[in-house]
Amino acid sequence: MSATKPPAGTRTPFEQTYYPPVPTEFTKKMRTNLLWQIFRFAVINVKILRMVRKH
Amino acid sequence: MARLVILGAGIAGQTAALHARRRLGRDHEVVVVSPNSKWNWIPSNIWVGVGVMTPEQVTFPLRPVYEKTGIAFVQGKAVSVHPEGDGDSGKPYVKVELTETGKSGQEERVHYDWLVNATGPKLNFDATPGLGPQKNSLSVCTFDHAAHTSKAFDETVARMKAGEKQTLLIGTGHGNCTCQGAAFEYIFNVEFELRRRGVRDKARVVWLSNEHELGDFGMGGMFIRRGGYVTHSRVFTESLYTERGIEWITRAAVKEVAPGEASYETLDGDERSLKFDFAMLLPPFSGVGLKAFDRAGADITPSVFAPNGFMLVDGDYAKKPYEEWSPEDWPRTYQSPKFPNVFAVGIAFAPPHAISKPMTSPKGTPIFPTPPRTGMPTGVMAREVAFNIVDMIKGNATAPKRQASLAHMGAACIASAGAGLFRGTAVSMTLFPIVPDFRKYPDTGRDLDWTFGEIGLAGHWIKHLLHFGFIYKAKANPLWTMVPE
Ligand SMILES: Cc1cc2nc3c(=O)[nH]c(=O)nc-3n(C[C@H](O)[C@H](O)[C@H](O)COP(=O)(O)OP(=O)(O)OC[C@H]3O[C@@H](n4cnc5c(N)ncnc54)[C@H](O)[C@@H]3O)c2cc1C
């Protein structure tokens, strides 16, 4: 199975094809937003430590 | 006095050696046999492969650590195991070919009372004609390979800066590769670096792998709860590839790598090829090729090792169809059924079967990932095996009590998608259990409360901290036991 991202502006309307979800600008910004990521850092660490403790 | 010999000084060997040494009194001996004088934090090799780190940053010399901790070190490569000794004596030993400068090529017998095989994989580049850094493709599996790959990457970027378009092909170099996670990290770090170096518009970046779908990673993929849905990792992975403009080819077994061109067969049976300017394709793994002999010198390798060279332990290796696979097939104590004083941990033990569903092309080529054995479970099983052996040496137990089955264990994994203190990202994942249990979790195979994934800068920070934390721990620096496996 192979796939290529269709170059911008070349998608034909009503074309029967498969498009994976693409993040919005807001979602992308939050991935490197310092305050949000400091919070996620704490959350992910807790999740990992819980997993470590499980064994 | 008992003598514990550990073959290999990777994640598994080092974890087992340090824990055993710490718990055993000085009247017992711990010996490590390993061909390389350096320890390598392999997960950071992907950063060496794009020039973000140097080999020196991901390695350190082993000997000073062993002198400090009281572990004996034999720098050499184990070639055969003699669990019953030989004609002269019934004392078990391992035949070792020394690799230390000045002694290279000499043979030594290393006697043991307890043996842990932690020799990891043989990087089996020969399985695909033309594959590997000696031939027509690159690798990031060792720090040397990664340093060589980094130079080739710089040359590719230089050609792009001179205005040439380049195709970069990254993925797996055989129908039965594992470790897709490492190739995933590498392709995303390459793509990130191309943008950072201002040449992204000149690059066609292509993923080529033996996974049935993107996001399989040799674990049959995973489901997570997100945005009100239970969604398969395929969706998130395809989203990430699309966002970063990376093309993908899955269900492919690379059959040959010629200079500048990879030929592959797809699960449909099609034969195709792709021209490239830069190709990093991982090799399939096999066991390192240890042999075993009985006291009379007869070859007993088939009863100690599986045909792929990995060591048989307490798993259920009976051949059965995919539908009959059970989590209970997976080993718990990693003890050899034939020789109870012998164990195998990390990549060195033989998995009873794959985790991803086996698939074969109409031409009979198997095209599916073999099971990954990542750092965290490797460390946990090495620790548990070390504790079991210590208990038995001290007379506190007569059989291994602690268990570390991949079917009852979870894993946390951080996959880098680009390095940078403020702009880097990584995918953070946890999943439980590693081997899915469709009887207990009929729809998803795993516990959704313990399985999650997200991408962001926080993941990169954690990946970077793990780099320092694990090197600190492997050096047995003060309070190293506080760093979890
Ligand atoms: C590029 C790359 C990136 C990765 N990234 C991650 C990641 O981000 N997270 C993660 O969890 N996992 C990652 N992994 C997987 C991880 O590296 C493995 O899980 C781990 O290294 C397995 O440990 P091991 O001790 O079994 O094998 P190894 O670490 O390979 O160690 C094997 C040891 O045995 C020695 N040896 C070999 N032959 C012999 C012999 N004949 N006699 C004696 N000694 C011998 C070797 O020199 C080595 O010291 C990555 C793997 C690769 C290749």
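How many residues does helix α5 of chain B have, and how far does the helix reach from its first C-alpha to its last? In this predicted model, helix α5 of chain B covers residues 180–196, which makes 17 residues, and its first and last C-alpha atoms are 24 Å apart. That reach is close to the 24 Å expected at 1.5 Å a residue. Of these 17 residues, 14 are buried, so α5(B) is largely enclosed by the rest of the structure. After the helix comes Gly198(B), with a positive phi near 75°.

A second helix of chain B can be read in the same way. Helix α9 of chain B runs over residues 457–474, and its 18 residues should span 26 Å at 1.5 Å a residue. The C-alpha atoms at its two ends are 26 Å apart, so expectation and model agree. In α9(B), 13 of the 18 residues are buried, and the helix is therefore largely enclosed by the rest of the structure. Ala476(B) follows α9(B) and has a positive phi, near 55°. In the segment after α9 of chain B there is also Leu479(B), whose phi is positive at about 60° although the residue is not a glycine. Leu479(B) has a relative accessibility of 65% and counts as exposed, because the cut-off for that word is over 50%.

Attention now turns to the ligand. Which residues are the closest to it? They are Ala12(B), Ile347(B), Arg373(B), Gly375(B) and Lys463(B), out of 30 residues that surround the ligand. By class, this shell holds 17 nonpolar residues, nine polar ones and four charged ones. Several elements of chain B contribute to the shell with at least two residues each: α1 (11–23), β2 (29–34), β5 (72–82), α5 and α8 (375–393). Helix α5, met at the start, is thus one of the elements that help to line the ligand's surroundings.

Three polar atoms of the protein can be placed beside oxygen atoms of the ligand. A backbone N or O atom of Ile347(B) is 2.9 Å from a ligand oxygen. For Gly10(B), a polar backbone atom is 3.4 Å from an oxygen atom of the ligand. In the case of Glu185(B), a polar atom of the side chain lies 3.4 Å from a ligand oxygen. Taken alone, the ligand would expose 990 Å², and the protein buries 88% of that area.

Glu185(B) deserves a paragraph of its own. This residue sits in helix α5 of chain B. Is Glu185(B) buried or exposed? Its relative accessible area is 8%, so Glu185(B) is buried, the cut-off being under 20%. The side chain of Glu185(B) makes a polar contact of 2.8 Å with the side chain of Lys463(B), and one of its polar atoms lies 2.7 Å from the backbone nitrogen of Ser416(B). Not counting residues up to four places away in sequence, Glu185(B) touches Ile46(B), Ile414(B), Ala415(B), Ser416(B) and Lys463(B).

Chain A has 55 residues, of which 18% count as buried. Its secondary structure consists of two helices and one strand, arranged along the sequence as β-α-α. Chain A exposes about 4,200 Å², with carbon and sulfur atoms supplying 64% of that area. Where do the two chains touch? One place is Ser239(B), which is in contact with Pro20(A), Pro21(A), Val22(A) and Pro23(A), leaving aside neighbours within four places in sequence. Ser239(B) belongs to helix α6 (residues 233–243) of chain B and, at 10% relative accessibility, counts as buried.

The loops of chain B offer some further details. Between β23 (426–431) and β24 (452–456) lies Pro433(B), and the peptide bond leading to it from Phe432(B) is cis, with omega near -10°. Phe217(B) is located in the loop between β11 (203–208) and β12 (223–226). Its phi is near 55°, a positive value in a residue other than glycine, and at 14% relative accessibility Phe217(B) counts as buried. By contrast, Lys401(B), in the loop between α8 and β22 (411–416), is exposed, with a relative accessible area of 61%. Apart from neighbours within four places in sequence, Lys401(B) is in contact with Asn388(B) and Asn396(B).

Technical notes: Residues numbered from 1 in each chain as written. Chains lettered and ligands numbered in written order. Predicted model: local features only at pLDDT ≥ 70, side-chain atom pairs only at ≥ 80, totals over all residues. Heavy atoms only, no water. Helix = DSSP H or I, 4+ residues; strand = E, 2+ residues; numbered from the N terminus. Expected span 1.5 Å × (residues − 1). Buried < 20%, exposed > 50% of the residue type's maximum accessible area, 1.4 Å probe, protein only. Near = heavy atom within 4 Å. Polar contact = N/O pair within 3.5 Å; in protein donor to acceptor, adjacent residues only side chain to side chain. Areas by Shrake-Rupley, 256 points an atom, 1.4 Å probe, with all protein chains shown as cover. Nonpolar A, V, L, I, M, F, W, Y, C, P; charged D, E, K, R; others polar. Contact = heavy atoms within 4.5 Å.
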